[in-house]
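Thank you all for making the time this morning. I would like to walk through one structure slowly, taking a few places in turn, so please have it open in front of you.

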Amino acid sequence: MAEERHIFSVFVENRFGVLARVSGLFSGRGYNIDSLNVGETDDPQISHMTIVTHGDAQIIEQIYKHLNKLIDVIKVTDLTTENHVERELVLIKVHAEPQKRGEILQIVEIFRGRTVDVNPTTLTIEVTGDEGKLRAAIDMLRPYGIRDLVRTGKIATMRGGVR
Amino acid sequence: MATTSGANILIESLKHAGVEYIFGVNGGAAMPIFDALYDAEGISLIPMRHEQGAAHAADGYARATGKVGVTLATSGPGATNLVTGIATAFMDSIPMVAITGQVYTHLIGNDAFQESDVIGVTRPVCKHSYLIKSSDEVADVVASAMHIASTGRPGPVVIDFAKDAQIHESLFHYPEQVNIRSYKPKVDGHPRQIAKAVELIHNAERPMLYAGGGVVLSNGCEELRELAIKTGIPITVTLMGLGAFPETHPLSMQMPGMHGSCCANYAFTDSDLVIAVGARFDDRVTGNLDKFAPNAKKIHIDIDASCISKNVPVDVPIVGDAKRVLAEMNKLVHRVEIEPWMRQIDEWKEKYPFEYQQKGDKVMPQYVIEQIYDIYPDATIVADVGQHQMWAAQHFKYTEPRQFINSGGLGTMGFSLPAAIGAQFGCPDKTIININGDGSYIMTIQELIPAITYKLPLKIFIINNMYLGMVRQWQELFHNKRYAAVDYHDNPDFALLAQAFGATGLRVERVEDVRPALEKAKGVDDGPVVIDFIVDEEENVFPMVPAGAGLGDVIRGLA
């Protein structure tokens, strides 16, 4: 069976140990997590996880069912099958001698990024977007020398409606 | 209202939940709980000799009664010793609450004396777990744990209880109701799915029922019997479900799988409709998945959605409680016309019963089981794991649910003696027979002590072939008879050993002594009786579907 990437939106009780239960579900079955993001929701008792994973249809179905089976999981949605928006933020620390700064800032402008830190030899740039945009931005900056690169992992939500 | 200690709140909460017995071993971080139990009324602590035994005893109690079994141990090594017992209950979906003392909250994570991360260690082998760090939480946690353990697909819940929270005082208030927003098991099957299943049943030519432990757990055996008898569809019941449908009934095909009946295995291979109820298509049942029921549509009734289409793709999944779903189906089904199929089933049954060859004057293990059945047909059998377990499953005919208790999923050697103790506490009026192996018996033999202390009339029958027999069988068949680490000829004399413990101990070496010894055991009712049956050493369990083979390729015996 062909492998597919899936994005799961998971609402969980905001309690200690929940993340370990979720990640244990994956590690105990030899499934991979491509990225995982956790944060509080508007209700401080509930956290939201965005989990990006891949596998064949049978594995994805098992992941969905096992996430639902966890006692602390309130709701699971496979966003891949829903109309959704997804974003990721990346911080790129790029080597930037004074004479190259202008070029780099133009690239940042094109990607609607922001410069969040500057010093005599580097610029730290923040770019937000979907996977394709981040890849393009990183590719454009790579020739200048990337010193550090940190990503949030994907966050995603369904378009419209209420959860 | 007066406040009371967290330990007292735990005991009061367990009493509110209907707990009668706690099987445990004392230790430093659990001392306030044992202290609270010391003069508690309406709830008894049964001290076991090893935490693994305590967990299995709670498990055996749960399997025999359907109620939640409770076990209690201290932190660190006490808790880690429980793990095998928790995992055993988890694999067979047994309702259990395992309580462990934990070090003081300010020491958690400090590598304190007898500290272990119990929540971490048990996470993959329990249904859920709680760490109690305040006496305020105790009643709510106990109520939730009991609810989670016993509903949906049952399973063990761990409560790790910090010592200071056991000592601190709070008001006791047991919640009337448990409402966990993230946990709402789906018990009613979807009507459209049920209708689809019924249509398939009515149109099948070669249908079969395949029922497992889930039917027993849901107390749905009456409904299962009604479905089989009303439709006239033949039925196979797994190791975990034995007794869910009486094996003495003409529709019974007995147990399927690796050491199951040829009839059940051939039926799977030829069937055009498999109706699975509370069974999980375990590899020991299906054999090679590519060859499993290749011509059959599959209906799967299970309360755990993640069990459905896990191993075998299913045509009509029905998520729900077996008892409820079966009751709904029974309203819709009628008798099916399947005479040619039934003639085939009857022919297989006639031709390939469970059988064995008598070897000279040896005591054959199957003969011992047959005699046990003949003398104690209504007894509850608690078997251990290995060859004797399979012979006990094959040669005793089970007619009632919960009549056969064993560690099916995890296959835990050493399970049976402590589980039999728990079963006897749960069912004081039943005859509990522990059929054990010489390898498995020695793994938890220390639990003979509480059996004697409490004068439990357990019948402990050891099928002693002086080998780790099932492994030896595989070595004989697949490892050129290289009998590595299975030779148990250095076993002690189990009869003398039983006497040293203070139990009645008998040794049987001749065929003619088998029945008299079993009869004699019947008369011993003031404590356990151990009979060491010295059986043929190299007898194998047949039929056998070798690992990786299809069910149709069953080996009926060695020429």
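Let me begin with a question: leaving aside its neighbours within four places in sequence, which residues is B:G408 in contact with? Before I answer, please keep in mind that this is a predicted model. The residues in contact with B:G408, once those sequence neighbours are set aside, are B:D92, B:L239 and B:M240. As for where to look, B:G408 sits in the loop between β15 (404-405) and α17 (416-426) of chain B, and it counts as partly exposed because its relative accessibility is 29%. If you would like another landmark, B:Q389 is 19 residues away from B:G408 in sequence, and the two C-alpha atoms are 9.6 Å apart in space.

From that loop I would like to move to a strand of chain B, namely β17, which covers residues 459-464 and is mostly covered, with six of its six residues buried. On one side of β17(B) we find B:K459, B:F461 and B:I463, and on the other B:I460, B:I462 and B:N464, and all of these are buried, so that both faces of the strand are covered.

What, then, does β17(B) pair with? Strand β16 of chain B, residues 432-437, pairs with β17(B) in the parallel sense over five bridges, while strand β19 of chain B, residues 529-534, also runs parallel to β17(B) and is joined to it by six bridges. A helpful residue to follow here is B:I460, which stands opposite B:N434 and which has B:V530 as its bridge partner in β19(B).

Next, the cysteines. A disulfide, as a reminder, is a covalent bond between the sulfur atoms of two cysteines. How many disulfides does a search of the whole structure find over all chains? The search finds zero, and two residues of chain B let us see why in their own cases. For B:C126, the closest cysteine sulfur belongs to B:C307 and lies 17 Å away, which is too far for a bond; B:C126 is also buried, at a relative accessible area of 6%. For B:C263, the closest cysteine sulfur is that of B:C262, at 8.7 Å, again too far for a bond, and B:C263 is buried as well, with a relative accessible area of 1%.

Finally, let us turn to chain A, where A:L91, A:V116 and A:V150 form a nonpolar patch on the surface, together offering about 220 Å² of accessible area. Of these, A:L91 is found in strand β5 of chain A, residues 84-95, and it counts as partly exposed because its relative accessibility is 33%.

Methods:
Residues numbered from 1 in each chain as written. Chains lettered and ligands numbered in written order. Predicted model: local features only at pLDDT ≥ 70, side-chain atom pairs only at ≥ 80, totals over all residues. Heavy atoms only, no water. Patch = residues over 30% accessible without salt bridge, like charges linked within 9 Å, V, L, I, M, F, W, Y side chains within 5 Å. Areas by Shrake-Rupley, 256 points an atom, 1.4 Å probe, with all protein chains shown as cover. Salt bridge = Lys/Arg side-chain N within 4 Å of Asp/Glu carboxyl O. Helix = DSSP H or I, 4+ residues; strand = E, 2+ residues; numbered from the N terminus. Buried < 20%, exposed > 50% of the residue type's maximum accessible area, 1.4 Å probe, protein only. Disulfide = S-S within 2.5 Å. Pairing = 2+ DSSP bridges. Contact = heavy atoms within 4.5 Å.
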